[in-house]
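Please examine the sequence and the three-dimensional structure shown below. The explanation that follows is intended to be read beside them.

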Number of protein chains: 2
Amino acid sequence: MAPVIRTARERAREELTLEIKREARRQLADEGAQRLSLRAVARALGMASSALYRYFPSRDDLLTALIIDAYNALGDRVEEAVAKSPADDPRAQWRALCHGVRDWARENPHEYALLFGTPVPGYAAPQDTIAPAARVPLALVAVIRGAAGRLDLRAPVRPLRGALAEQTSALVAAMAPEVSAGVFTRGVVAWSQLVGMVSFELFGHLVGSFDPADAFFAHTVEEMADFVGLP
Amino acid sequence: MAPVIRTARERAREELTLEIKREARRQLADEGAQRLSLRAVARALGMASSALYRYFPSRDDLLTALIIDAYNALGDRVEEAVAKSPADDPRAQWRALCHGVRDWARENPHEYALLFGTPVPGYAAPQDTIAPAARVPLALVAVIRGAAGRLDLRAPVRPLRGALAEQTSALVAAMAPEVSAGVFTRGVVAWSQLVGMVSFELFGHLVGSFDPADAFFAHTVEEMADFVGLP
DNA sequence: GCGCTGTCAAGAGCAGTGCTCTCGTTTTTG
DNA sequence: CAAAAACGAGAGCACTGCTCTTGACAGCGC
């Protein structure tokens, strides 16, 4: 393993890397990813802009690092919210998860936009992001798994056919064997609905209709809990 | 009214405005809004970059014009798809609407991102965009209205309380008086789910799970049609 | 302790951006 | 016909991401 005592150089490098990300995150929160400027970050840190390239080979790499941090911040928040909920109350956990996502998004709109808005770089999500990105979806299926056997579907799930049945059964076998394929797809539907609704609110698509979205959001969270059959 | 025969200058201006938008749309489709450059547009048109500012006061204004055009293109596409469906088959119309949105989005990913991704300008959606932006949602409630009286809800809608009841009753009275408040909210839920799912597919959030999303999309469209009670 | 080697910050510079201002020219208008 | 408005082009400002070179310093084996 790496030694605990590093050379002065290595410690300085690690510290500066953190400081750069900290300042970049500040500017991101202030002005959005669009206006995040390497030169401005360097200026705020009192160093030459060229020196920054020793730590992040390009602006996109800095953004990727911020994306990973944001995914982890959201993951921490949501996992903690779920953990604080009663262990035997899947609906309370569901509520905590959904409201955790929304609250975090409203507190960090630019970071949320970085995760779920238009992808900034050339469409290719680096490999390092997929694990942090999976945390909230995994927490969501964990909540559903915790309710397995007690699920109560008011409306039966339509049968899965052909390619969808194959895709779903592979996924279910890998990550939620105690849950039926139909319920699993409903979980994915609810996840996309949650992100769609939060994006609507943050991106201003609800201004003419449910402008203070609190009541609508709370209601929809319950409806989607019913949709996946949570007790 | 304005005369049909305009001065040569006015006709030239109108034509050049269209040409600028055409070229900008080309570059938008190629590289995305991020890389859309006024200078590059001017270069392609063989004119000085400064001359462009006589037609669009800023880059954001050009983008706003493109946003309006994109909303209208999507609106045309969806309205036409619904109109081509059997008049007495709300579920077929629903299918046409949802698949119309997805198909258009897949054919014009950057323009879709412009509409439903991270808002590019300073968060304020200009007044001119809200009418074109409302076309697809309005088409969606029209489909539901067309099925009023024949709706079949497998799972009853949770009662709307407090602020939500007030917001919804105002909206329902204004745009869908023959539909119950509960069904109306489910329509909004389905709309946000649709956009969330298409965004997931286009922005790469489905790569690990339902990567070819065709089967999952088709299945979910039917599930959401059930959700709003379409016959 | 000494020198080599790799790492580092800094500066200059390149190509590009949005945007403003001025300056002649052209077209419309009174 | 003359005044006024609109127009295209050019120069220029302040900024961006990024590259290359230069000189200084730290860490290592000897």
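The paragraphs below treat the two DNA strands in turn and then a pair of packed helices.

This is a predicted model, in which local features need pLDDT of at least 70 and side-chain atom pairs count only at pLDDT 80 or more, while totals for chains, interfaces and linings use all residues. Residues are numbered from 1 along each chain as its sequence is written, chains are lettered from A and ligands numbered from 1 in the order in which they are written, and side-chain values use heavy atoms, with hydrogens and water left out.

Around DNA strand C there are 23 residues, of which Arg54(A), Tyr55(A), Arg39(B), Arg43(B) and Arg59(B) come nearest; a residue is near a strand if one of its heavy atoms lies within 4 Å of it. The residues of this surface divide into nine nonpolar, six polar and eight charged (Ala, Val, Leu, Ile, Met, Phe, Trp, Tyr, Cys and Pro count as nonpolar, Asp, Glu, Lys and Arg as charged, and the others, Gly among them, as polar). Among the elements that each supply at least two of these residues are helix H1 (8–31) and helix H3 (49–52) of chain A; helices are DSSP runs of H or I with at least four residues, numbered from the N terminus.

Individual atoms show how the protein meets strand C. A polar side-chain atom of Ser50(A) lies 2.9 Å from a base oxygen of DNA strand C, and a backbone N or O atom of Ala48(A) lies 2.9 Å from a phosphate oxygen of that strand.

DNA strand D also has 23 residues around it, and Leu38(A), Arg39(A), Arg43(A), Arg59(A) and Arg54(B) come nearest. Of the strand D atoms within 4 Å of the protein, 48% belong to sugar or phosphate and the rest to bases. A phosphate oxygen of DNA strand D lies 2.7 Å from a backbone N or O atom of Arg59(A), and another pair places a polar side-chain atom of Arg13(B) 2.9 Å from a phosphate oxygen of DNA strand D.

In chain B, helix H5 (residues 90–107) and helix H10 (residues 181–202) pack at an angle of about 30°, with their axes 10 Å apart. Axes are lines fitted to C-alpha atoms over the stretch in contact, and angles run from 0 to 180 degrees between N-to-C directions. H5(B) and H10(B) are therefore roughly parallel to each other, a term for angles under 35 degrees. The residues of the contact (heavy atoms within 4.5 Å) include Trp94(B) and Leu97(B) of H5(B) and Leu194(B) of H10(B). By class, the contact of H5(B) with H10(B) has nine nonpolar, no polar and three charged residues.

Notes
Polar contact = N/O pair within 3.5 Å; in protein donor to acceptor, adjacent residues only side chain to side chain. Helix = DSSP H or I, 4+ residues; strand = E, 2+ residues; numbered from the N terminus. Parallel < 35°, antiparallel > 145°, perpendicular 65-115°, else oblique.
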